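Q: Take me through one part of this model in close detail. Which residues wall in the second largest cavity, and what surrounds the helix that joins in?

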Amino acid sequence: MVKTFLGNRSGVLLLLPFLVATYAVSNFLMNYHLASPISGFGFYGELLNENALISQVLAPILIFLNAILLNAIFNRNGFMEKNNYLPALLYVVGKSYFHSYYFINGFGIAETFMILAFMQIFRLDQNQDGRKEVFNAAFFVGVAASFYPMLLLFVPFLFISVWVLRPFVIRESALVAVGFTIPLLYAGCYSSVFGVPIRGDSFTGFPTEWKFPDLYVVAGGLLLLGLATVGAVSQKLSQSSIRLKKLFRVIMWMILFYSLLGGFELLLLHKLDAPSFVIGWLVFLLTYGFGVKQVKQFPAFIFYLLLIFSVGKFFNPFEF
């Protein structure tokens, strides 16, 4: 499987819906991840009950869409000399350990809009006007924050991400502020008109599902893959263009922010979904560990262990 996705054939993406559906159907039949009694959508309240079938259909569709968008960012920005479709596969398998894979909520919607935001940011160029891109990016981040208000903390990182790729321009920075604010104003009006109560819990991730053994497995697997990736990423950086080095810097800022946010929710609030934000950006680095022409055995072995555990948990839940 790894070798198939590591190649330059876009047709392999047709296999992803079957993999995504396998996870979704397995959970539907085995009830490993359970619907939360509270389905939070940030400032919009409880738009949809997680028990509803539509919730369990929309969530995996978003996962598939996210995987395609992340892979498009990877290929369009030349992270490798040839197109590579392994990022999408790594994302789908990594996210399968988390609740938002199986039930729609504000957290899952926010992740999609954050990816859309960075599709815009990665279009920025040092020598071209970037007003359209920075406004669109900020607008998408604002929408994401309206569904998952903890992303209000992302504002400084949004400015940093823009300034990494563009020189400081007052108009563009002003557009970032305006674009970010507009969807939040709308969300605030919606909350007021429809009487949506904004409690402290509304600002953090949902649900409170506590599948801690899963976190051990996926964290351990990603750590081993990361160790196998360090050398390849260092070599790539030494040979990269200035622009690609800047893109790597943006990705590192994203990983830092999501690690801090995930750590906060995990350690203080005992919520597990926020750490899964990091997976979407780790795949940009982890892909290098698998090699280019020939698949390296150790990363492939770790990946297959993660794949086996991700499916096996439905039929033999971890007990440790």
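A: Ala, Val, Leu, Ile, Met, Phe, Trp, Tyr, Cys and Pro count as nonpolar; Asp, Glu, Lys and Arg count as charged; the others, Gly among them, are polar. By that scheme, the lining of the second largest cavity has nine nonpolar residues, one polar and no charged. The model is predicted: local features need pLDDT of at least 70, side-chain atom pairs pLDDT 80 or more, while totals for chains, interfaces and linings use all residues. Numbering starts from 1 along each chain as its sequence is written, and side-chain values use heavy atoms, without hydrogens and water.

The structure holds four cavities of 30 Å³ or more (sets of 1 Å grid points where a 1.4 Å probe fits but cannot get out; lining residues have an atom within 4 Å of a point). The second largest has a volume of about 70 Å³. Leu-90, Val-93 and Gly-94 are part of its lining. So are Leu-222, Leu-225, Ile-279, Val-283, Leu-286, Phe-303 and Leu-306. Helix 4, helix 9 (212-239), helix 11 (279-286) and helix 12 (297-312) each give two or more residues to this lining (helices are DSSP runs of H or I, at least four residues).

Now helix 4 itself, residues 86-95. 10 of its 10 residues are buried, so the helix is largely enclosed by the rest of the structure (buried is under 20% relative accessible area, exposed over 50%, partly exposed in between; 1.4 Å probe). Leu-86, Pro-87, Ala-88 and Leu-89 are buried. Cavity-lining Leu-90, Val-93 and Gly-94 are too. Tyr-91, Val-92 and Lys-95 complete the buried list for helix 4.

Val-92 deserves its own look. Beyond its neighbours within four places in sequence, Val-92 contacts Leu-16, Leu-19, Val-20, Tyr-23, Ile-63, Ala-67 and Tyr-101 (contact: heavy atoms within 4.5 Å). Leu-16, Leu-19, Val-20 and Tyr-23 fall within helix 2 (16-30). Ile-63 and Ala-67 fall within helix 3 (53-76). The largest nonpolar core has 107 residues, and Val-92 is among the four that touch the most other members (core: buried Ala, Val, Leu, Ile, Met, Phe, Trp, Tyr and Cys joined through side-chain atoms within 4.5 Å). Phe-79, Phe-118 and Leu-151 are the others. Helix 10 (residues 242-269) gives this core its largest share, 11 residues.

One spot in the loop between helix 2 and helix 3 makes a contrast: Asn-31. Asn-31 is partly exposed, with a relative accessible area of 48%. Its phi is positive, about 55°, although Asn-31 is not a glycine.

Technical notes
1 Å grid on protein atoms, 1.4 Å probe; cavity = no way out; pocket = protein on both sides within 12 Å on 5 of 7 lines; lining within 4 Å. Points joined across faces, edges and corners; volume = space filled by probe spheres on them.
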